[in-house]
2 protein chains.
Amino acid sequence: LNEREIISLFSHSAGVDKTGLVKGIGDDCAALQIDRDRLWLVTMDTLVESIHFNTDWHPPDKLGRKSLAVNVSDIAAMGGSPLYVFLSLGLPQNFNPGWLEKFSRGLAEACLEYDCCLAGGDTVRSSEGIVITLTVIGEVAADQILYRNSARPGDEVWVSGTLGNAAAGLELCREGRKGGDNMSFFIESHLNPRPRLKLARRLAASGFVHAMMDLSDGLATDLAHLCEQSGVGAVIYSDLLPVKESLASTAKEMGKDFLQWVLSGGEDYELVFTAPDKHASDIATLAEKVGFLTKIGHIDEGGGVRLVKGPPGKQNIPQVDISFMGYDHFKS
Amino acid sequence: LNEREIISLFSHSAGVDKTGLVKGIGDDCAALQIDRDRLWLVTMDTLVESIHFNTDWHPPDKLGRKSLAVNVSDIAAMGGSPLYVFLSLGLPQNFNPGWLEKFSRGLAEACLEYDCCLAGGDTVRSSEGIVITLTVIGEVAADQILYRNSARPGDEVWVSGTLGNAAAGLELCREGRKGGDNMSFFIESHLNPRPRLKLARRLAASGFVHAMMDLSDGLATDLAHLCEQSGVGAVIYSDLLPVKESLASTAKEMGKDFLQWVLSGGEDYELVFTAPDKHASDIATLAEKVGFLTKIGHIDEGGGVRLVKGPPGKQNIPQVDISFMGYDHFKS
């Protein structure tokens with residue numbers, strides 16, 4: 001079973017229908033009706049030592065921040081703001097109290113930064129390594145919530161920021177590299193990601209956006225989810241993908257493929273969204289105010305995510321299907 | 001650091017104040033104001049393979065049921081009913097798909113039984129063993145919610161059901177014992193606990209009860225939490241503790257102390273609550289309708305939980321302080 005098959009197994013055994021459940025399994029968050037005007041968003045993410053992080057190079061305060069950041073990114077992706085945080089922490093028998101103190105300080109700092117509060121949780125012993133699960137509850141106006149399933153043929157596909165930085169940073173950490181400004185930027189992207197909370201709220205409030213989600217498993221997988229749920233396909237152009245200048249040279253130096261990082265690396269915590277082409281200039285204006293946005297392709301009626309290795313408008317470049325080629329915990 | 005010290009560390013770093021947070025860290029659930037009349041309750045519990053369960057003897061469907069039951073017990077303990085369930089599941093590299101299918105079926109059955117639905121979660125790879133974290137959101141009427149911190153001197157202390165059964169069951173499983181009716185009852189108490197949801201709601205609606213919580217770490221620890229948070233003490237009588245007839249003989253046969261199981265064994269998922277003595281007969285009437293309730297002692301102004309090894313009313317029996325002598329994940 002791969003990750004999608006596991007999720008599908010649970011989707012088909014979901015218990016009783018609850019009228020307040022506006023969106024269940026299958027988006028960045030579940031959406032629960034609070035009253036006519038408000039929805040609550042609920043997301044849950046687990047970070048496992050040796051799988052998602054390595055205490056050799058991940059400072060505990062930054063891990064505390066990241067534990068919250070990856071959940072806030074899910075709340076942001078549906079247009080919401082975080083309110084309440086719940087932490088379940090599994091600690092091995094002989095954990096380091098100093099590590100725990102720094103982790104809790106990082107988490108507390110991130111709570112302040114994202115304007116939310118730790119409201120409960122659980123503390124247990126793990127059989128091996130640290131296991132961090134956060135549940136975050138957020139809020140969104142009922143008329144601003146954005147789902148994955150609303151992309152339409154003719155939409156343009158946009159992403160925020162630049163892609164592949166965290167994947168490069170992880171590789172640099174694995175190889176024990178530290179020096180250099182560019183390397184520090186990539187490493188920081190891996191250790192301490194910053195979800196696009198403000199930008200996401202502006203996009204949600206704009207009314208331009210049809211579908212949105214955050215990039216956690218890599219564009220190839222995440223955009224494929226968005227397409228699958230919307231019943232559409234996407235064409236994206238490699239020449240349009242927003243990439244930091246030094247990414248290609250860093251990859252080359254390490255004997256890696258930078259496009260692999262960009263498409264499949266995961267942990268970008270950027271936004272991918274679709275909007276009708278008539279709003280392209282509105283989005284460009286918005287981008288100037290709040291952050292870097294790039295048009296990378298368009299939605300059509302075909303299936304899956306197809307990459308054109310080149311610029312748009314050129315003839316005879318084949319489309320390569322890259323759907324779900326991102327990170328999968330259970331891929332063999 | 002023990003479990004209480006870890007929780008205290010996080011309690012002091014809880015981020016911004018949120019006006020809707022009626023109760024944060026320190027009770028069975030967090031309580032969030034939804035509107036004037038309603039609160040939502042949020043609880044989170046983690047079960048770790050080899051720490052909380054053993055796949056050698058725990059059938060996956062019963063583990064699926066138990067994963068939800070332990071959370072429903074927290075919702076019940078504050079007088080609420082469960083609504084939405086979120087599951088984060090950590091699975092090792094070579095997990096058994098058949099196990100997963102049975103686990104999900106058990107969880108789905110329990111969702112139907114407790115009238116709630118699986119609404120989201122996360123699936124990740126673990127570094128070793130299965131790790132199950134559930135977050136459950138429930139609802140309670142604002143005028144019926146029951147906290148741990150409201151016991152008053154003069155209250156009587158009550159518990160539901162009988163104590164120590166799950167602890168006996170765990171011990172029987174560890175020793176590979178299966179046969180006999182009594183043994184089956186104890187083993188089932190460990191494998192498949194039934195939270196007192198209906199009883200708890202009746203108690204919450206009655207208006208008689210001052211403070212309530214569920215018994216998960218053993219009476220010695222849980223009642224000590226209730227006393228600490230209420231700023232009171234409790235005296236309980238060993239002769240009053242409700243115990244299944246065959247518990248003592250089973251313990252004796254195994255060379256164990258049955259009182260240890262009753263006070264410190266944990267996983268009873270019964271209710272402990274306090275109510276003024278003038279309501280004793282009302283509670284007895286209620287008990288006849290919905291379940292077995294036993295008065296085990298009273299609240300006073302002293303500190304901690306003190307055990308009298310005998311019946312009430314007898315002179316010259318010393319009080320033994322048993323506060324926090326239950327289960328602690330991090331006790332050295």
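**Figure 1. Strand E7 of chain B and its two partner strands in the predicted model.** In this predicted model, the bridge partner of Asp155(B) within strand E10(B) is Pro276(B). The pairing of E7(B) with E10(B) is antiparallel and consists of five bridges. E7(B) also pairs with E11(B), again in the antiparallel sense and over five bridges. In that second pairing, Ser160(B) has Leu293(B) of E11(B) as its bridge partner. E7(B) is mostly covered, with six of its six residues buried. Asp155(B), Val157(B) and Val159(B) lie on one side of the strand, and Glu156(B), Trp158(B) and Ser160(B) lie on the other; both faces are covered.

**Figure 2. The seven-stranded open sheet of chain B.** The strand order in this open sheet is E8-E10-E7-E11-E9-E12-E13, and the pairing is mixed. The edges are formed by strand E8 (211-214) and strand E13 (319-321) of chain B, each of which pairs on one side only. On average, neighbouring strands of the sheet are turned by 30° against each other, with direction ignored. At one edge, E8(B) and E10(B), the latter spanning residues 271-276, pair in the antiparallel sense over four bridges. Within this pair, Met213(B) stands opposite Val272(B) of E10(B). Helix H6 of chain B (residues 197-206) packs on the sheet and touches E7 (155-160), E8, E10 and E11 (293-300) of that chain. The direction of H6 makes about 20° with that of E10(B).

**Figure 3. Strand E8 of chain A and its pairing with E10.** Strand E8(A), residues 211-214, is covered on both faces. Ala211(A) and Met213(A) are buried on one side, and Met212(A) and Asp214(A) are buried on the other. Four bridges connect E8(A) with strand E10(A), residues 271-276, in an antiparallel pairing. Among the residues involved, Ala211(A) has Thr274(A) of E10(A) as its bridge partner.

**Figure 4. The six-stranded open sheet of chain B with helix H3.** The six strands of this open sheet follow the order E1-E2-E3-E6-E4-E5, with mixed pairing. Strand E1 (21-23) and strand E5 (117-125) of chain B are the edge strands, each pairing on one side only. Neighbouring strands are turned against each other by 20° on average, direction ignored. Strand E4(B), residues 81-91, and strand E6(B), residues 131-141, run antiparallel and are joined by nine bridges. In this pairing, Phe86(B) stands opposite Thr135(B) of E6(B). Helix H3 of chain B (residues 97-113) packs on the sheet, where it touches E4, E5 and E6. The helix direction makes about 170° with that of E4(B).

**Figure 5. Packing of helix H3 of chain A against helix H1 of chain B.** Two helices from separate chains are shown, H3(A) with residues 97-113 and H1(B) with residues 3-11. Their axes are 9 Å apart and the packing angle is about 30°. Because this angle falls under 35 degrees, H3(A) and H1(B) are roughly parallel to each other. The crossing of the two helices is right-handed. From H3(A), the contact involves Leu100(A), Glu101(A), Phe103(A), Ser104(A) and Leu107(A); from H1(B), Ile6(B), Leu9(B) and Phe10(B) take part. By class, six of the residues in this contact are nonpolar, one is polar and one is charged.

**Figure 6. Packing of helices H4 and H8 within chain A.** Helix H4(A), residues 165-174, and helix H8(A), residues 245-254, have axes that come within 11 Å and cross at roughly 30°. The two helices are therefore roughly parallel. H4(A) passes H8(A) in a left-handed crossing. Asn165(A), Ala168(A), Glu171(A) and Leu172(A) of H4(A) meet Leu247(A), Thr250(A) and Met254(A) of H8(A) in the contact. Four nonpolar, two polar and one charged residues make up this contact.

**Figure 7. The surroundings of Val22 in chain A.** Val22(A) lies in strand E1(A), which covers residues 21-23. Its relative accessibility is 36%, so Val22(A) counts as partly exposed. Gln33(A) is 11 residues away along the chain, and its C-alpha atom is separated from that of Val22(A) by 6.4 Å. Leaving aside residues up to four places away in sequence, Val22(A) touches Ala31(A), Gln33(A), Leu39(A) and Tyr147(A).

Note on methods: Residues numbered from 1 in each chain as written. Chains lettered and ligands numbered in written order. Predicted model: local features only at pLDDT ≥ 70, side-chain atom pairs only at ≥ 80, totals over all residues. Heavy atoms only, no water. Axes fitted to C-alpha atoms, helices over the stretch in contact; angles between N-to-C directions. Parallel < 35°, antiparallel > 145°, perpendicular 65-115°, else oblique. Left-handed = near helix turned anticlockwise from the far one by under 90°. Contact = heavy atoms within 4.5 Å. Nonpolar A, V, L, I, M, F, W, Y, C, P; charged D, E, K, R; others polar. Buried < 20%, exposed > 50% of the residue type's maximum accessible area, 1.4 Å probe, protein only. Pairing = 2+ DSSP bridges.
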